[in-house]
Amino acid sequence: MKTCLVVDDSKVIRKVARHILETLDFTVSEACDGREALDACLASPPDVILLDWNMPVMSGMDFLRALREAPIPTRPKVVFCTTENGMAYIRAAIEAGADEYVMKPFDRDTLESKLQIVGMA
């Protein structure tokens, strides 16, 4: 089974994402900020990460940079999940190491298509 780490400071978003991902046959784990997510990745890297942009403690961008430098044998695919829809934000996320992005709010079909793009659905 594929694994996904959902990283978002909103419990509601994590719950919605978990429900969608479980219907797509993912095993889901959660983190409420980038620091917690980085610790989880170092312990057991997931296949894919659904990553929020704006979070306390460590933002999504800071997490991406830290993940890129982390001693992880295979780098997870990263789908940025954000309300920021400006091209500058999207370009910055891709340049920092995100593989794809999805706008909030998202539904099952949208998330599934983004996971297909990164080879995870």
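Buried means under 20% relative accessible area, exposed means over 50%, and partly exposed sits in between (1.4 Å probe, protein chains only). This is a predicted model, where local features need pLDDT of at least 70, side-chain atom pairs count only at pLDDT 80 or more, and totals for chains, interfaces and linings use all residues. Residues are numbered from 1 along each chain as its sequence is written, and side-chain values use heavy atoms, with hydrogens and water left out.

**View A. Arg-14 pairs up with Glu-30.** The closest N and O atoms of this salt bridge (side-chain nitrogen of Lys or Arg within 4 Å of a carboxyl oxygen of Asp or Glu) are 3.0 Å apart. Arg-14 belongs to helix α1 and Glu-30 to strand β2, 16 residues apart (helices are DSSP runs of H or I, at least four residues; strands are runs of E, at least two; both numbered from the N terminus). Arg-14 counts as buried because its relative accessibility is 12%, whereas Glu-30, at 32%, is partly exposed.

**View B. Arg-18 meets Glu-22 within helix α1.** Their side chains form a salt bridge at 3.0 Å, N to O. The two are four residues apart, about one turn of the helix.

**View C. Here's the largest nonpolar core.** A core is a set of buried Ala, Val, Leu, Ile, Met, Phe, Trp, Tyr and Cys residues joined through side-chain atoms within 4.5 Å. This one has 22 residues, and Phe-63 and Phe-80 are among those with the most contacts inside it. Helix α3 chips in the most, with four residues.
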